[in-house]
Amino acid sequence: MHKLFINPKNQKGHINPEIQGHFSEHLGRCIYEGIYVGENSDIPNTNGMRNDVVEALKEMKIPVLRWPGGCFADEYHWRDGIGAKESRKKMINTHWGGVVEDNSFGTHEFMELCRQLGCKTYINGNVGSGTVQEMSEWVEYMTFEGVSPMADLRKANGHEEAWTVDYFGVGNENWGCGGNMTPEYYGNLYRRYQTYVRNYSKDKSIYKVCCGANSDDYEWTDGVMKTCFRKANEDQHGFMDGLSLHYYTHPEGWEEKGSALNFDEKAWYKTLKKTMYIEGMIEHHAAIMDQYDKAHKVGIIVDEWGTWFKCEPGTNPGFLYQQNTMRDALVAGINLNIFNKHCDRVKMANIAQMVNVLQAVILTEGRKMILTPTYHVFNMYKYHQDAELLDSYIETEEIGVDKEYMVPNLNESVSYGKDGKIHITLANLSVKDAYEIEGNLADTAVDSVCGTILTGAMDAHNTFENPDAVHAEAFEGCKVVDNKLVFTIPACSVLHLEVSVK
């Protein structure tokens, strides 16, 4: 029996809702068809946004949405996406599929989408091919209430009131597709560009995100922090609120990637092992940041993460469309547990991407829509949003199919929610074995417990012909015995337990 220890009296930090954020890029069928079908579509929509997709995202309480990229962001010129749609500039999306981008989804449409979702806005600005003036005027266009050329232009385009921009990323992947820059060069550009991301609102400041590292590029983090932070003391804030981090799980490496559907147990454990690397990266990047930002004023923003497999056969390889199995569900559960446990530094995380691209929570095909196993994990984990992380530990054992890719069999995080209940999320990484668990809550009297579970074969997935093959179900196998939680977690599963205390 594996023992789970929870100390409800020891709160370790606040879990921002934005840790369960999402990412939408002008890539494949994420924006067009997946989210936006246009006002004249026969697919039910509100102001062009698919009603079914919006309702599903609202159900899982999407907290923040990042747009327009990704690599697309550093080629995106915002003026192309405003005004009458028939006169908007058409262009070739050179990054993703070589298809025509007609810019019918632009700033106004994104803000309307976020309004319908009730989520915060995260705009990514263009540093790679854009100018300081362009970025400055975009911020003015979106957020300035008074009389100015950009505010007047916004009003002329049909939106009288200014919008709220909650987060603004100054460039994206500037070490690669965003300009192939050195950290010191980008750091100085960031200092300049962010100066003109002005806070026009007296009530709310824009949270500025600096482009951080690709995976374990610790030299980038050190170079950017060194450039943007002159002193290492408690008062120094530098010029940023957040520093991004991108990490994708490639079980077979960047070139091969592997199949999303056809894989064996070895690939299963390789995938989960590589997923768990992100914890060490967070810790190492945080240690470098600590040398400059001892007060932890700058958050780590993991604004691109998830699995990246080969695209589905027969689809445009530039569209990055892949299926989503229980393996993806475990990847999601592991990552979200890790982000929770590092909430002192991790302030936002955005899975890539929301619909029809990479580890999507939703897939669409014409009028049809399916929820993926990853969607169900997010829907189970939503109770962690805006909660307090509790001190927890679970006994584990190493499992796998060879010595190189061994993983702990269990992975967890625990929080005290706004609803006054304790929420436990637990992932069983084993393909075959169930485990008996005994949960011990220190100095706390348990009243009752209920749960929800997602489980199935390792390659189980939903299709448009069988959209409900993998779905969350009530879990009634947890009993309270002598004030302890006693239950068995099935193989290949993600579990949420809601504990009421006396």
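A cavity is, on a 1 Å grid over the protein atoms alone, a set of points where a 1.4 Å probe fits but cannot get out, and its lining residues have an atom within 4 Å of a point. The structure is a predicted model, in which local features need pLDDT of at least 70 and side-chain atom pairs count only at pLDDT 80 or more, while totals for chains, interfaces and linings use all residues. Residues are numbered from 1 along each chain as its sequence is written, and side-chain values use heavy atoms, with hydrogens and water left out.

Three cavities of 30 Å³ or more are present. The largest encloses about 50 Å³, a volume being the space filled by probe spheres set on the grid points, which are joined across faces, edges and corners. This cavity is lined by 13 residues, with R66, Y122, G171, S244 and D303 closest to its centre. Strand 10 contributes the most to this lining, namely three residues (strands are DSSP runs of E, at least two residues, and helices runs of H or I, at least four, numbered from the N terminus).

Turning to the interior, the largest nonpolar core (buried Ala, Val, Leu, Ile, Met, Phe, Trp, Tyr and Cys residues joined through side-chain atoms within 4.5 Å; buried means under 20% relative accessible area with a 1.4 Å probe, protein chains only) has 143 residues, of which F168, M240, F339 and F487 touch the most other members. Helix 8 (residues 265–292) supplies the largest share of this core, twelve residues. Another core, of six residues, lies apart and includes Y122 and V209.

Conventions. Buried means under 20% relative accessible area, exposed over 50%, partly exposed in between (1.4 Å probe, protein chains only). On a 1 Å grid over the protein atoms alone, a cavity is a set of points where a 1.4 Å probe fits but cannot get out, and a pocket is an open set with protein on both sides within 12 Å along at least five of seven lines; lining residues have an atom within 4 Å of a point.
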